[in-house]
Structure formats: structure tokens, C-alpha cells
There are 2 protein chains.
Amino acid sequence: MYQTVKPKIDSVQSDCGVCPIKRRAVCAYCEAQDLAELEKIKSYKTYAPGEMIIWTGDDMRFVGSIVSGVASLSQTMEDGRRQMVGLLLPSDFVGRPGRAKAVFDVEAATEVTICRFDRKPFEKLLVKLPHLSGRMLEMSLDELDAAREWMLVLGRKNAREKIASLLSIIARREGELHKKPLLDGAEFDIKLTREAMADYLGLTLETVSRQINALKKDGVISLQGKRHVKICDCARLMMETGDDDDGGMVI
Amino acid sequence: MYQTVKPKIDSVQSDCGVCPIKRRAVCAYCEAQDLAELEKIKSYKTYAPGEMIIWTGDDMRFVGSIVSGVASLSQTMEDGRRQMVGLLLPSDFVGRPGRAKAVFDVEAATEVTICRFDRKPFEKLLVKLPHLSGRMLEMSLDELDAAREWMLVLGRKNAREKIASLLSIIARREGELHKKPLLDGAEFDIKLTREAMADYLGLTLETVSRQINALKKDGVISLQGKRHVKICDCARLMMETGDDDDGGMVI
DNA sequence: TTGCCACTTTGATCTGGGTCAAAGATTAAA
DNA sequence: TTTAATCTTTGACCCAGATCAAAGTGGCAA
């Protein structure tokens, strides 16, 4: 029995990478069952950079997860003020089971591929497969902690600390994807414009630009081009975030 | 069968009010089963105003829900800057299944009674009772949306809009408890000091004081004492929050 | 009823980051 | 290779909200 389903896990996993939800310690058999059921209702879609994946108020026909690329989750006020409330990287979940209308915008920052599941059948599976809902719960609790940690950044940190926090989070998540720890010399692309960073941090794009260049001048980071960052001094960057220790930050 | 368990629902519900988790549309039978199981592992504890319920880093022996009173969920930086990341009112969940160490402080703002469940047995029930984990999922997704909505307040609203947002949220949640809609003339106590409000809004207590008195001077609200608020003009208050419409705000 | 303590208000001043403006850089299209 | 469009940097100035300081308020314990 185990033998016959084992290949299925691999095929599904290699197929869509991390979909439908971040992999956890679950017995292989149950995971295979879940994935096999999900397999039937999934499809893929790719979005161009800058394309809107979901508009606030849209009917939500699907949920899914990011396979590749970076997307932003954000809110906009009528006067144009915008706040990003989440940065969606590969393995992150998109959409909300149980909700018919979107309450946030989702926009592709780079080219983005999403593994999608029709919402209604997905919700039925959620009831049928306890492991699936268990993992969804675990994920949403992690995201909730991450959102709450971000509130400290938005509410109490100054501009320099905000930039340092953003860089350390992107660096850490980038490292996770490639299974590398965060060390001096780590390099990565920021896949966001200065404006998108500002929208995430509750700043203006001018302030973001000034603070990034200040961190560069102070030798904490170095830049190659506008978007490619090298972290020269990890410990220093962590200090600059204003957080106590090496960063128990979630996400 | 239904008949024999029905009284149990009532007894449990009247016993601890809303525990263990916000009531939803679930078939009465399943709910009764869940509650009967939970009944066995629950206990109550009451905390004095100002008392710490959980310190960041504590071993989490229990999870539970607020029965009465108001508590705050917050984070503190070493230099003393503090950010409240959640306001816990009756029916709100406390703690995180699957996590052994607390990552936020929980403090009683008023006298608080909590209906507690030992964490380990609760986690086992979570696996055993699909309805329970389903409802937990629904709750945590709601809280996640609420946290994200609050990010807009922290990141993009000015002091006056922040105060208006806080008042409208407290008023709305207060109304929910008493099943009253939010109308002109609605009254309630703010069960937070100016400092706690400041910590929720990412402001200083002086700014909170000034802005509350500004809203009073402008006839949006009136005060009896320092903490009792009457909303004179609901529509106006909603305008002052800066949000587009009547407020799809969660929480 | 007095005194204390915690909370709140109010005033004066300062400053971090916003705003406005203009000039680079980079990429892509024509 | 010029033109255009988008993104980024830099400078000058300003203001909302922080900071510092002091006085006002109310509840309650002795």
C-alpha cells in the first residue's frame, strides 16, 4: 500500500514544488492521500510582473499557493495610501477558504506562477481530510504570528530599523528556499521597487532610498545595481533591526 | 440522541460563556460532542487588573479563551518600546496549539477570567475532532485578516485616524457582545489607559490624549470621566477613520 | 480629610521623516 | 542612437507627532 502511493507523493511534489501547503512533518501515507485528492482539482496559472492576481472585492473562485516568483498582498485607501500586509514567496498560501470575496489586493511583483485549487472543492476536501485542515491551521497560525511581529516594525521602529528588518527577513526567507543559513556575505535580489518596499514598511520611497544608501555607506550592506544586495555584516544588520536577539522573527 | 446531549451544550455554554472558541454555525450534535470532550480538560482562572497572564518565553502549559474582561497581547523591545498586537475580548482565543514557548506577553487590562485547557490534551483533541480544528482554522483566519487590517492603521494612518479607528473597533466589538448595532449615542468604557491605547496605535500617550480631546471638541464623541465614551456621530466617526465605507474591518 | 499614587491633560520645543522638486540611471522600444 | 518610460537618488524645506516638563484629576487607603 505504502509502496503504491509513494511514487505519487514524488510526482505531485516535483510537479508543483511545494503546493498545496508548506510541507510539514506528517506521515507520508496521509500526505500522499491528501495530495492525490488535491491533484484532481489543481491547475496552474502564470502572471506577468505588475499584473493583478486578485482585486479587493473579487469573487474568490480559487485558493492556491505560490510556486515561483514574488507577489504582494496589500490594501489601498481611497486617497491612494497603500499598505502591504504580506509578501508572498514560493510555498505561501493565497486566498482564504470560507470567504467568497477578496479583502486584499494580490499583485505579482515578478513573474508569478500559482498552483490553484477551485475554492468550493478545496473546502470540501478540508472537511474530508483532517490532515489538510490541520496543516492549514498550522500555517495560518504561523502567518498570524508573522503578521503580529510585523506590527512591531510598523508601529514602533524607525526608518533605519524598518529597512534592516525588511532586509533581514528577505535574506532569511531567501536562505530558507535554498536551505542556506544566514551568513556574512549572503547575497540576494530584492524583488521589490523602492515604492513597494515603502508600502511594506509604512514609509515613503525617498526615505527607503536614503536609508538603504545609509546602510551601504556604513558598511552593513553593499549593492550591485539597485536591487542586488550583499550583507557584509550579518550581526550588525541584526543589531540595526532593533530586535533583541538573533531574531526569532517568524516568516 | 440529540435530546440527551442537548442539555450538555447549554450547560457548557452557560457555564463558560463562549469557550472554547467563538461559536459558529455548526450542527448542534457535533458541537456538543466537541464541547463534552473539552469539558473534561477545562479549568478557570481569574487574573487581577495589571497582572501578567503570560510572559514572552514562558512554557505554554495551556490554551484557552477569555470568558470576561479585557487583556492585551503585546511585544516589548529591550529599550522599552512596546507594541500591542491584539486586544483580547470575551470569546477571543489565548495561546497557540503546537507552540511550547510564548512569543507575546498577555496582560490583564481589567480583571480577566480565562477558561483554560491543558495544551497537550487540547492538541490531541484537535486531531481527534475535525470540527474543532475546523473552527480553530476559521478563527485564526479571521484573526489574521484583523491583524492585516490593523497594519494599515499602524503603517498609513495619522494620529486622528488611528484614534477614530480604535474607538470604532472597540464600539463595534462592544456592540457585538450585547448584540446591538453601532448607532449614534452608543456608549462604552474604554478599558485601556491612554498609555495602552498609545501602545496599540503606535503613538505616545500625550498624542492619544490630545487627539481624543480634539474629537471631543469637534463633537464626534463626548466623554463622561476619562474612560467612558459616547459616540455622538457614528457616520462622522467612520469618516474620521479614513476607511472607505461603513467598515468591513474584521475584529 | 488628608495625602498619596496612578493616570491624564496641557504647554513648549524639537526632530525624523514627509513633501516637493529636479536630476541621474537603466532598460526598452522605435 | 535617440526617445521615452520607469525607477532611483539627492537636495531643500516643512510639519505631525515625539519629547520634555509641569500641573491637574480622581480614587482610595489610613
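A salt bridge here is a side-chain nitrogen of Lys or Arg within 4 Å of a carboxyl oxygen of Asp or Glu. Keep that in mind, as the walk through the structure starts with one such pair. Before that, some ground rules: this is a predicted model, in which local features need pLDDT of at least 70 and side-chain atom pairs count only at pLDDT 80 or more, while totals for chains, interfaces and linings use all residues. Residues are numbered from 1 along each chain as its sequence is written, chains are lettered from A and ligands numbered from 1 in the order in which they are written, and side-chain values use heavy atoms, with hydrogens and water left out.

Now for the pair itself. B:Asp142 makes a salt bridge with A:Arg96, and their closest N and O atoms are 2.8 Å apart. This pair joins two chains, because B:Asp142 sits in helix α4 of chain B and A:Arg96 in the loop between β6 (93-94) and β7 (105-108) of chain A. (Helices, H or I and at least four residues, and strands, E and at least two, are DSSP runs numbered from the N terminus.) Both ends are tucked away: B:Asp142 is buried at 16% relative accessible area, and A:Arg96 is buried too, at 12%. Buried means under 20% relative accessible area, exposed means over 50%, and partly exposed is in between, using a 1.4 Å probe and protein chains only.

Zoom out to the whole contact between these two chains. It takes 44 residues from chain B and 44 residues from chain A, where contact means heavy atoms within 4.5 Å. The size of an interface is often given as the accessible area lost when the parts come together. For chain B and chain A that buried area is about 4100 Å², with carbon and sulfur atoms giving 57% of it; the value is the accessible area (1.4 Å probe) that the two parts lose on being put together, summed over both. Of the area that chain B buries against chain A, B:Arg148, B:Met151 and B:Arg156 supply 19%, more than any other three residues.

What about the polar side of this interface? There are 12 salt bridges between chain B and chain A, and 22 residue pairs in polar contact, both residues being at pLDDT 80 or more. A polar contact is a pair of N or O atoms within 3.5 Å; within protein, one must be able to donate a hydrogen and the other to accept it, and residues adjacent in sequence count only if both atoms are side-chain atoms. On chain B, the elements that each give at least two residues to the side touching chain A are β4 (71-76), β5 (82-88), α4 (130-156) and α6 (194-201). The largest share, 19 residues, comes from α4(B). By class, this side of chain B has 19 nonpolar, eight polar and 17 charged residues. In that scheme Ala, Val, Leu, Ile, Met, Phe, Trp, Tyr, Cys and Pro are nonpolar, Asp, Glu, Lys and Arg are charged, and the others, Gly among them, are polar.

On to the DNA. DNA strand C is surrounded by 17 residues, the closest being A:Ala159, A:Thr207, B:Arg194, B:Ser209 and B:Arg227; a residue is near the strand if one of its heavy atoms lies within 4 Å of it. Sugar and phosphate make up 65% of the atoms of DNA strand C that come within 4 Å of the protein. A:Ala159 has a polar backbone atom 2.9 Å from a phosphate oxygen of the strand, and B:Ser209 places a polar side-chain atom 2.7 Å from a phosphate oxygen. With B:Arg210 the partner is a base nitrogen, 3.0 Å from a polar side-chain atom. Two elements give two or more residues to the surface near DNA strand C: α7 (205-217) of chain A and α7 (205-217) of chain B. The largest share, five residues, comes from α7(B).

Last stop, inside chain B. B:Phe188 lies in strand β9 (residues 187-189) and is buried, with a relative accessible area of 4%. Not counting residues up to four places away in sequence, B:Phe188 touches B:Leu167, B:Ile170, B:Ala171, B:Glu174, B:Arg227, B:His228, B:Val229 and B:Ile231. One of these, B:Arg227, is also among the closest residues to DNA strand C.
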